[in-house]
Amino acid sequence: MMRLLALTTALLALALPTLAQESFPVSVTVDAAQTIGPLKPVWRFFGADEPNYATMKDGQKLLDHLGALKPRQVYFRAHNLLNTGDGTPAFKWGSTNAYTEDKDGKPVYNWMITDRIIDSYLQRGVRPYLQIGFMPEALSSAPEGTPYRHAWRPGFRYELIEGGWNSPPKDYGKWEELVYQWTKHNVERYGRDEVLTWYFEVWNEPNGPSYWKGTPEEFYKTHDYAIAGVKRALPEARVGGPDVAGSGGAFMDGFLKHVVSGTNYATGQTGTPTDFLAFHAKGQPTFVGDAREGGYVRMGMVSQLKAIDTGFKKIAAVPELKDKAIVIGESDPEGCAACPGKANGYRNGTMYSSYTAASFARIWELSERHKVNLEGVLTWAFTFEDQPWFAGYRQLATNGIDLPVLNVFRLYAKLGPERLSATSSAQVPLDEMIASVTQKNDVGVMATRDGQRIAVLLWHYNDDDLKGPDAQIALTLNGLGKAASRTVTQYLVDPTTANAYTAWQRMGAPPSPDQDQYQQLEAASVMHLHTLPALTVAKGQATLNLRLVRQGVTLLIIE
C-alpha cells in the first residue's frame, strides 16, 4: 500500500508541471501618450518567380486581395519578365517573348504579355517593382548548345534551374535598347506620373551561380546599361539593386563601390544612378526527429535576422549610400517557395503567420538600430495555379483560398502611422533572437496611433512547431486621456480562427472540394471583427486581460 501511495505521489508530481504550464502570465504595457517615431508600412511588397500566374484566375483573385491592403501602395516583383517563350507558366519559370530577332538579327519587340501582366497589377491596386530580366534567348551569351529553358521541377536539385536565360548579353547595345524601348512603351501606355511611382531593378541574386553565369564585372556592366536604358526613357525613374542573395558578401561590397565611384560602363561617368538598394534575407528551418515518430519543424529565424543585420551594416558603412532607401527584396523563412520537404511543413498553418509577425517586428527594430532608411520588406510568396490543395508551397493562397499568413498582412494594414511605446515581459530581446535558435515563447507587442485610434498587435511565437501553453496576457494601457471608457474590438488569427487549413483538415482533407466546401473554406479564411467589453478608464489608465494561444496573432483596436 505504501509503495502504491509513493508511486501515485510520484506520478502526480510529474503531472503537476504539465498542468501548471497550461498557461503562463505575461505583462504588456502600452503608453498611448508616448510616440517613439513613425512606423513605415514596409510590409506592402510581395513577389514570385512565376510572372504569368498574375494573369490567371487565382492569381488575379489574390492580386485583388493584395491591392485591397493599401490600394496603389502595394508592390509586386516577379522574375522572368523578359524571358523568351509563349507565356505558359511553370514552376520557377515564366516568359513574355518581349524580345526576339528577325533573320537579319534586327530586334523585334512584343509587349503583349508584359502589358497583360502589368495591367493585371494596376487594375487591382498593385504597382510593379519591375525586375529587368532575365536574358532573352536571342541576346544570351551562353555557350552554344546550352539549353535556354530549364527543366526543373519540385524535388529536383536546385541548380537545375540554370539555363541560357542566366547569362550576360552578347550585345550590350541591344540590351540597353531593349530596356529603353520597354520603359518608353510603359511611359506611353501607363503615363509618366504612374511609371515614376514604380521601382526598376536589374536581375536577381547575381552573386550566386544559379541566377548569374557572368563575372561580377559583367553584372556591373549589364546593370549599368540597363539603368542607362531606363533613364534615357524616363530620367527621373526610381532605379536600384542589386537584389543579391543574402547580404551579398564581397559581391555586394564591390557593387556598392562601383555605383559610388566606379566608371559607368554605359555612360563613362563616375558611378551609377541609385535610388534604392536591395538584398535578400532567408531563414533556415530544419526538421527535428523522425516524421514517423512525430518529428517537427524548427524554424531558423536567426539566419534571416543575421542577413538583415549584416546587410544594413554594409549599406550604413558607405557614407554616400547610408541614407538611400533599402528594400529587402526577398524576406522569407527559407529560400525556395516551390521546393517541398519536411522542413517546409510550416507553410499552410499558423507557424508561418506567427513567424511573420515575430520577424517583421525585429526587422523594424534592426532598421532603427542601424538608422537606415528601410522602405520595403518583400515577402516572396504568391500562389501556384491549379496545384493540389494545401500542397505545402510557400504561398499566400491555395486555389483561391487565403492562408492564415495573409491575414497578418491585413492586420499590418490596420496599424497607424505613429509607433507607441510598448513592452512585454515575454518578448525575447532582439540580440537573443539574432544569436541562435530559441525555444522560448516569444509573446511580443507593437502599438500604434492614428489620431485617437490605438492599435495593439500581439503575437505568441516559438521557433518549434509544437503545441504549448497559452499566454495569459495582462495588458495595461496608459495615457488614454480623460475619457471614462474606450471601445475595444479584436481581430484574431490562430490555429482555429481565420484559418482555412484547419477547416480543410476537419473536412477530411478532400483533394477536390466541391462548390459547397469551397464556400466553407473561403468563409473559414476570413478574419472577423469581434467587439469586446468596453474598457473602463481611470486616471488615463485601463487594463485588459486576454489569452493568446501559441502561434496566435491578434490586433486590438481601442477607439
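Student: Where should I start: is Lys539 buried or exposed?
Tutor: Lys539 is exposed, with a relative accessible area of 90%, and please keep in mind as we go along that this is a predicted model.

Student: And where does Lys539 sit?
Tutor: Lys539 lies in the loop between strand S21 (530-536) and strand S22 (542-548), and although Lys539 is not a glycine, it has a positive phi of about 55 degrees.

Student: Which residue other than glycine has a positive phi near 70 degrees?
Tutor: That is Gln551, whose phi is near 70 degrees, and Gln551 belongs to the loop between S22 and strand S23 (553-558).

Student: Is Gln551 buried or exposed, then?
Tutor: Gln551 counts as buried, because its relative accessibility is 9% and the cut-off for buried is under 20%.

Student: OK, pockets now. What is the volume of the largest pocket?
Tutor: The volume of the largest pocket is about 440 Å³, and its lining is made of 20 residues, with Thr350, Asp465, Lys467, Pro495 and Gln551 lying nearest the centre. Gln551 is the residue we just discussed in the loop between S22 and S23.

Student: Which helices help line the largest pocket?
Tutor: Helix H9 (350-370) and helix H12 (500-506) each supply at least two residues of that lining, and H12 gives the most, with three residues.

Student: How do the lining residues of the largest pocket divide by class?
Tutor: Six of them are nonpolar, 10 are polar and four are charged.

Student: What about closed spaces, how many cavities of 30 Å³ or more are there?
Tutor: The count comes to four cavities of 30 Å³ or more, and the largest cavity holds about 70 Å³ of space.

Student: Which elements give two or more residues to the lining of the largest cavity?
Tutor: Those elements are strand S12 (325-332), H9 and H10, and H9 gives the most, with five residues. The residues lining the largest cavity include Gln304, Asp332, Tyr352, Phe360, Val405 and Phe409, and by class the lining has six nonpolar, five polar and one charged.

Student: And what lines the second largest cavity?
Tutor: The second largest cavity, with about 50 Å³ of space, is lined by Asp49, His79, Asn80, Lys92, Phe134, His150, Ile161, Trp165 and Tyr211. Four of these residues are nonpolar, three are polar and two are charged.

Student: Where is Phe134 found?
Tutor: Phe134 is in the loop between strand S6 (126-132) and helix H4 (172-190), and the peptide bond that leads from Gly133 to Phe134 is cis, with omega near 5 degrees. Another cis peptide bond runs from Gly241 to Pro242, also with omega near 5 degrees, and Pro242 has its place in strand S8 (residues 238-244).

Student: Switching to the inside: how many residues does the largest nonpolar core have?
Tutor: The largest nonpolar core has 135 residues, and those with the most contacts inside it are Leu66, Phe76, Trp175, Phe409 and Tyr412. H9 gives the most to this core, with 10 residues, and apart from it lies another core of 28 residues, including Val443, Val456, Val488 and Leu492.

Student: Why do nonpolar side chains end up together like that?
Tutor: As a general tendency, nonpolar side chains in soluble globular proteins tend to be buried together.

Student: What does Leu66 touch?
Tutor: Leaving out residues up to four places away in sequence, Leu66 touches Phe46, Val74, Phe76, Val126, Phe382, Leu396 and Leu406.

Student: Leu406 is in H10, right, so which residues of H10 are buried?
Tutor: The buried ones are Pro404, Val405, Leu406, Asn407, Val408, Phe409, Leu411 and Tyr412, which makes helix H10 (residues 404-413) mostly covered, with eight of its 10 residues buried.

Student: Last one: is Tyr121 buried or exposed?
Tutor: Tyr121 is buried, with a relative accessible area of 2%, and its place is in helix H3 (residues 112-122). Not counting residues up to four places away in sequence, Tyr121 touches Ala54, Leu63, Phe76, Ala78, Val126 and Pro128.

Student: How far apart are Tyr121 and Tyr501?
Tutor: They are 380 residues apart in sequence and 27 Å apart in space, taken from C-alpha to C-alpha.

Notes:
Residues numbered from 1 in each chain as written. Predicted model: local features only at pLDDT ≥ 70, side-chain atom pairs only at ≥ 80, totals over all residues. Heavy atoms only, no water. 1 Å grid on protein atoms, 1.4 Å probe; cavity = no way out; pocket = protein on both sides within 12 Å on 5 of 7 lines; lining within 4 Å. Points joined across faces, edges and corners; volume = space filled by probe spheres on them. Helix = DSSP H or I, 4+ residues; strand = E, 2+ residues; numbered from the N terminus. Nonpolar A, V, L, I, M, F, W, Y, C, P; charged D, E, K, R; others polar. Core = buried A, V, L, I, M, F, W, Y, C linked by side-chain atoms within 4.5 Å. Buried < 20%, exposed > 50% of the residue type's maximum accessible area, 1.4 Å probe, protein only. Contact = heavy atoms within 4.5 Å.
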